[in-house]
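This report describes selected local features and helix contacts of one protein model. The sequence and structure come first, and the notes follow.

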Amino acid sequence: MGSEEQALIPQGAKGGETTLLGTKITLNDDPWNFVFVLPADVDANKDLFAAEMPDAEVTWNKIFTGFKGTGQLDKSVVKKGMTRKMFHSAVVQELISMFCGPRCGFQVDTMTTIDGDEVFLKVGLTDKNTTIQLADREKFQAALLESAYGKEYAGSKFALPTENGSGNGEFALDKDEVHKSDNAHPAYVQVDEEIAEHLADFSNADIMRLVRRRIQTLIAINALVNSGVCLRFFAVHRWSSLQDLHNVGWNDPKRLIYWPRETNVDMVRNKLGAEVGFFFHWYNFFTRWLALPAVISMFTFTARKVGPIADDEEKKQLLNIVFACFVAVWSALFLARYEQVKNLKVLKWGMQGASESGAAVRKEFSDAYRGTFRDRMQHGLHWFLLFVFIAEAVGFTGWLSQLRSLAYHDKAGVTWGMSNVTFVTVAKYVTTVNIKVVDKSWAFLSAYLTKQENWRTVQELKAAMTTKLAIVKLFVFFYPFLYIVLLQPFVEGCPGDNGNAGCLHLLQDNLIVLFVTQLATEFATTGAYILLVVIPVKLERDKRPNSEYTYLELQAKAQEYDAETEILDFMTAVLNFGFIALFANALPFICALCFVFNFPMKRILAFKISYVYNCPVPRSADGIGAWAGILSALAYMGVTFNCYISIFFLPLLNHWKLSDKLILFLAVEHILIVLKILMEKMMGEKSIAQTRIQEHHEDTVEKIMEGLLGGGGKTVTAKETKKPDNPYK
């Protein structure tokens with residue numbers, strides 16, 4: 001590995017310094033959770049600060065919520081005609097007073113960046129007593145410690161429930177010291193100061209959730225940014241947390257072959273939050289379960305190439321059909337089992353009902369605007385553009401396929417200035433390029449339009465964004481391949497003289513090209529985002545080569561890991577599942593391709609989340625949300641599509657009448673769908689382990705709480721902390 005490549009990979013910290021993305025940095029991330037980036041009062045901003053602050057009183061009231069008397073407008077300070085510097089100073093002073101005061105008790109400090117043009121207002125929660133009080137006030141829950149179960153209550157002791165239960169109230173505890181995890185499932189109870197010694201410490205992600213919720217109670221962050229007082233607001237990556245993940249291989253790009261263990265996602269959840277945790281929990285589970293189909297597909301591939309059926313087309317087709325039936329059963333078992341495993345993880349992470357709780361109203365939401373003619377037209381335009389992008393995919397694919405067919409049958413001709421022989425090869429790459437261009441364009445446009453729409457909560461906005469992005473992305477990615485099977489044989493014919501076999505070979509070639517291109521695109525995209533961080537950092541360092549550059553300054557240059565980015569990352573994994581479900585019959589080897597593809601892809605995603613993007617803002621989650629329904633729909637579509645390929649597309653049943661084929665198709669499809677439904681119902685949503693744990697909670701938690709609490713809580717006030725100097729005074 002070259003020195004340049006080595007420099008891009010995070011190095012271990014020595015003496016408070018490390019190297020990341022080719023930059024030597026001083027670590028200053030601890031103990032901060034969030035940073036407000038403010039414009040500095042320097043010559044470069046002289047005109048800005050000297051200008052009059054427009055609508056000062058209105059802007060002040062937009063920034064501060066007025067929660068319990070905080071952020072009250074003082075008209076002797078905030079008034080018409082005041083300068084921007086005066087307004088910025090007043091706002092920042094109020095922020096400092098609130099964050100350091102009894103409402104929050106945060107640790108707060110300021111620092112000036114290397115080039116002096118920005119000031120960081122750093123906010124962190126470090127005091128344990130303050131954390132407990134705020135968690136109590138915000139109705140947070142925490143897990144009971146093992147010590148709470150070890151005490152005696154009215155002559156009885158209760159076991160700590162784990163995933164290894166014997167069915168008689170006894171449980172075996174297994175610990176994974178490397179990944180800092182275990183199989184314990186303690187009950188989650190509402191935080192109370194009187195039982196604080198029996199509650200587990202909050203993870204870094206939990207503290208960040210608590211701090212952000214408290215900040216949002218007091219101010220509207222978007223209004224603060226829109227006012228110009230704050231240039232941006234970002235969550236802080238903790239270097240120690242990332243190093244813990246790096247030490248177990250989760251975000252280490254050098255460890256591509258890293259078996260996706262069940263326990264490492266517990267560490268991911270604790271460091272980065274439940275949303276990211278559940279994403280990788282599903283991805284890891286998918287990769288583990290994909291191992292068996294991948295191995296079988298390798299045997300299938302070998303048998304088709306060098307085995308006893310290598311020269312028998314009919315037996316090859318039968319083998320593909322059997323494998324497709326296996327994948328249909330596998331997908332049903334996979335989704336049913338994941339539902340059980342996911343629900344068990346929801347219980348372990350204390351996320352029951354997380355999707356229904358804490359849905360804060362967006363500050364941009366207007367109830368008066370909702371349902372108006374303009375509101376309806378705004379949504380209607382978005383859906384119209386969705387169908388325009390789908391129409392482009394349909395039209396372009398059909399047009400290019402016709403050109404490719406004409407070129408194939410006229411090898412001596414010329415198309416697009418190249419020989420038709422060359423064009424036939426180039427055309428499949430053009431299809432992939434069109435998929436990528438339409439996909440990226442729609443992702444940008446749809447995300448922008450969704451953010452402009454009048455959604456009441458962040459959850460509603462994210463659901464709308466997921467739906468529209470998923471519809472176009474799935475259609476754009478799958479349609480060119482579905483076209484080859486469903487339409488091309490009838491519209492323009494298949495390449496060659498072997499009937500549908502020509503379309504089948506074309507489908508296989510295009511699928512392989514897409515997978516290679518997809519991996520290359522992800523590498524290129526990650527590289528581009530690295531450059532977006534590295535180039536501004538280099539420009540700043542060149543101005544002051546002898547000054548230290550801090551980790552927070554580097555993070556300030558990174559992109560936000562927002563809902564759009566998260567959706568697109570998950571979409572990559574969902575597409576892989578969809579290709580397996582839909583095309584297992586046409587290309588069994590796709591299972592092995594997806595399995596191998598998952599390892600570098602997961603490592604790329606983990607690396608960019610850790611080192612290229614800002615820290616994801618930790619949020620509650622009780623699973624993978626709308627993606628569960630999308631995955632289920634793809635599995636059922638796969639049954640129908642593979643039945644169609646087996647009966648109508650492959651030449652195995654060419655001698656059958658169309659009516660007989662249709663009867664067989666309906667019979668086989670319905671049998672497989674009923675079988676999938678029965679397997680899902682038989683397995684259920686809960687495992688036996690979860691049932692035992694929940695029953696144990698029902699029998700013991702109330703008794704434990706009565707023994708620990710023994711009465712009401714106390715009214716407490718957070719300890720005030722030292723206030724830093726106002727950077728504008």
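In which loop is Pro31 found? Pro31 is in the loop between strand E2 (23–26) and strand E3 (34–39).

## Basis of the model

This is a predicted model, in which local features need pLDDT of at least 70 and side-chain atom pairs count only at pLDDT 80 or more, while totals for chains, interfaces and linings use all residues. Residues are numbered from 1 along each chain as its sequence is written, and side-chain values use heavy atoms, with hydrogens and water left out. Helices (H or I, at least four residues) and strands (E, at least two) are DSSP runs, numbered from the N terminus.

## Backbone exceptions

Most residues other than glycine have a negative phi, and most peptide bonds are trans. The bond that joins Asp30 and Pro31 is a cis peptide bond, with omega about 15°.

Leu21 has a positive phi, near 55°, and is a residue other than glycine. Its place is the loop between E1 and E2. Leu21 counts as buried because its relative accessibility is 2%; buried means under 20% relative accessible area, exposed over 50% and partly exposed in between (1.4 Å probe, protein chains only). Lys68 also has a positive phi without being glycine, with a value near 50°. Lys68 lies in the loop between helix H3 (56–63) and helix H4 (84–100), and is exposed because its relative accessible area is 57%.

Two glycines with positive phi follow helices. Gly249, just after H9, has a phi of about 90°, and Gly350, just after H12, has one of about 65°.

## Helix lengths and cover

The expected span of a helix is 1.5 Å times one less than its number of residues. For helix H12 (residues 313–348), with 36 residues, that gives 52 Å, and the end C-alpha atoms are 51 Å apart, so the two values agree. Helix H7 (residues 204–218) has 15 residues and reaches 22 Å from its first C-alpha to its last, close to the expected 21 Å. H7 is mostly covered, with 13 of its 15 residues buried.

In helix H9 (residues 239–247), the buried residues are Trp239, Ser241, Leu242, Gln243, Leu245 and His246. Their cover includes strand E1 (17–20), H7, helix H10 (264–272), helix H18 (551–556) and helix H20 (590–612).

## Helices packed against H21

The axes of helix H19 (residues 563–583) and helix H21 (residues 627–649) come within 7 Å and cross at roughly 25°. Axes here are lines fitted to C-alpha atoms, for helices over the stretch in contact, and angles run from 0 to 180 degrees between N-to-C directions. H19 and H21 are therefore roughly parallel to each other; angles under 35 degrees count as roughly parallel, over 145 as roughly antiparallel, 65 to 115 as roughly perpendicular and the rest as oblique. Residues of H19 that meet H21 include Ile567, Phe570, Met571 and Val574, and those of H21 that meet H19 include Trp627, Ile630, Leu631 and Leu634. By class, this contact of H19 with H21 has 16 nonpolar, three polar and no charged residues. Ala, Val, Leu, Ile, Met, Phe, Trp, Tyr, Cys and Pro count as nonpolar, Asp, Glu, Lys and Arg as charged, and the others, Gly among them, as polar.

For helix H15 (residues 458–486) and H21, the axes come within 13 Å and cross at roughly 10°. H15 and H21 are therefore roughly parallel to each other as well. Among the residues that meet are Thr466, Ala470 and Leu474 in H15, and Tyr644, Ile645 and Phe649 in H21. The contact of H15 with H21 has 14 nonpolar, one polar and no charged residues.

## Individual residues

Val229 is in the loop between helix H8 (221–226) and strand E12 (232–235), and is buried, with a relative accessible area of 1%. Leaving aside neighbours within four places in sequence, Val229 is in contact (heavy atoms within 4.5 Å) with Val37, Leu38, Pro39, Phe87, His88, Val91, Val92 and Leu224. Val229 and Val92 are 137 residues apart in sequence but 8.1 Å apart in space, C-alpha to C-alpha.

Glu566 is in helix H19 and counts as buried at 18% relative accessibility. Outside its neighbours within four places in sequence, Glu566 is in contact with Glu275, Lys462 and Tyr561. Val306 is in helix H11 (residues 274–306) and is exposed, at 65% relative accessible area.
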